[in-house]
Amino acid sequence: MPCLNLSTNVNLDGVDTSSILSEATKTVANLIGKPEAYVMIVLKGSVPMSFGGTQQPTAYGELVSIGGLNPDVNKKLSAAVATILETKLSVPKSRFFLKFYDSKGSNFGWNGSTF
């Protein structure tokens, strides 16, 4: 059930968001060790944001998972997601934060119940 929520100030009009969603899904599933069928990716563009006092392309992400996260995995996820944002949206790696949440199943709802 990993969920990667990404926000960026980049305008997504004309951007192939399908390829971003697909690549992010595969990356998260592979690195966390969960099936792609359980991975959710949320991508929001044109969000008013600044980083370091400028409004140059930037992004912020949060990744929630029930298990599968640890310092090594988090480092790999940070690198992989930053690379996707840099290659697909021209967001420099140095202008992206990613926060990780390892959640208990009882704190995450799905299918009218919790995990």
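How many bridges join strand 1 to strand 2, and do they run parallel or antiparallel? Five bridges, and the two strands run parallel. Let me start there and build outward. One caution before I do: this is a predicted model.

So, the sheet. Four strands form an open sheet, and the order across it is 2-1-3-4. The pairing is mixed. At the edges sit strand 2, residues 40-44, and strand 4, residues 96-102. Each of these edge strands pairs on one side only. Direction ignored, neighbouring strands in this sheet are turned by 10° against each other on average.

Now walk across it with me. Strand 1 covers residues 3-8. On the strand 2 side, Cys3 stands opposite Met40. On the strand 3 side, the sense is antiparallel, with six bridges between strand 1 and strand 3. Look for Leu6 there: Gly61 in strand 3 stands opposite Leu6. Next step along, strand 3 to strand 4. Here the pairing is parallel again, over seven bridges. One pair to find on screen is Ser65 with its bridge partner Asp102, in strand 4.

Is strand 3 mostly covered or mostly open? Mostly covered: five of its seven residues are buried.

On to the helices. Helix 1 packs on the sheet. Helix 1 touches strand 1, strand 2 and strand 3, and its direction makes about 140° with that of strand 2. Helix 2 lies across strand 1, strand 3 and strand 4. Against strand 4, helix 2 runs at about 140°.

Take one residue from helix 1 as an example: Thr25. Which residues does Thr25 touch, not counting those up to four places away in sequence? Glu36, Val39 and Ile41. Thr25 has 16% relative accessibility, so it counts as buried; the cut-off for that is under 20%.

Next, salt bridges. The structure holds three. I'll take them one at a time.

The first on my list is Lys88 with Glu23. Their side chains meet at 3.6 Å, N to O. This pair links distant parts of the chain: Lys88 is in helix 2, residues 71-89, while Glu23 is in helix 1, residues 17-32. In sequence, the two are 65 residues apart. Both ends have some exposure. Lys88 is partly exposed at 34% relative accessible area, and Glu23 is partly exposed at 30%.

Then Asp72 with Lys76. The closest N and O atoms are 3.2 Å apart. What separates these two along helix 2? About one helical turn, because they are four residues apart in that helix. Asp72 is partly exposed, with a relative accessible area of 44%. Lys76 counts as partly exposed too, at 44% relative accessibility.

And then Lys93 with Glu86. In this salt bridge the closest N and O atoms are 4.0 Å apart. Lys93 comes out at 43% relative accessibility, which makes it partly exposed. Glu86 is partly exposed at 34%.

Now the surface. Which residues form a nonpolar patch there? Tyr60, Phe97 and Tyr101. Together they have about 280 Å² of accessible area. Tyr60 lies in strand 3, residues 59-65. Recall that strand 3 is mostly covered. Tyr60 itself, though, is partly exposed, with a relative accessible area of 31%.

Last stop, a loop residue: Pro57. Where does Pro57 sit? In the loop between strand 2 and strand 3. Pro57 is partly exposed, at 29% relative accessible area. Its partners come from elsewhere in the sequence. Leaving aside neighbours within four places, Pro57 is in contact with Asn9, Val10, Ser90, Val91, Pro92 and Arg95. Take Val91 from that list. Pro57 and Val91 are 34 residues apart along the chain, and their C-alpha atoms are separated by 5.2 Å.

To recap, then. We have an open sheet of four strands in the order 2-1-3-4. Helix 1 packs on that sheet, and helix 2 lies across strand 1, strand 3 and strand 4. There are three salt bridges, and a nonpolar surface patch formed by Tyr60, Phe97 and Tyr101. That's my tour. Thanks, everyone.

Terms used
Residues are numbered from 1 along each chain as its sequence is written. This is a predicted model: local features need pLDDT of at least 70, side-chain atom pairs count only at pLDDT 80 or more; totals for chains, interfaces and linings use all residues. Side-chain values use heavy atoms; hydrogens and water are left out. Buried means under 20% relative accessible area, exposed over 50%, partly exposed in between (1.4 Å probe, protein chains only). Patches are made of residues with over 30% relative accessible area and no salt bridge: like charges are joined within 9 Å, nonpolar side chains (Val, Leu, Ile, Met, Phe, Trp, Tyr) within 5 Å. Accessible areas come from the Shrake-Rupley method with a 1.4 Å probe; for residues, only the protein chains shown count as cover. Two strands pair if DSSP finds at least two bridges between them. Axes are lines fitted to C-alpha atoms, for helices over the stretch in contact, and angles run from 0 to 180 degrees between N-to-C directions. Contact means heavy atoms within 4.5 Å.
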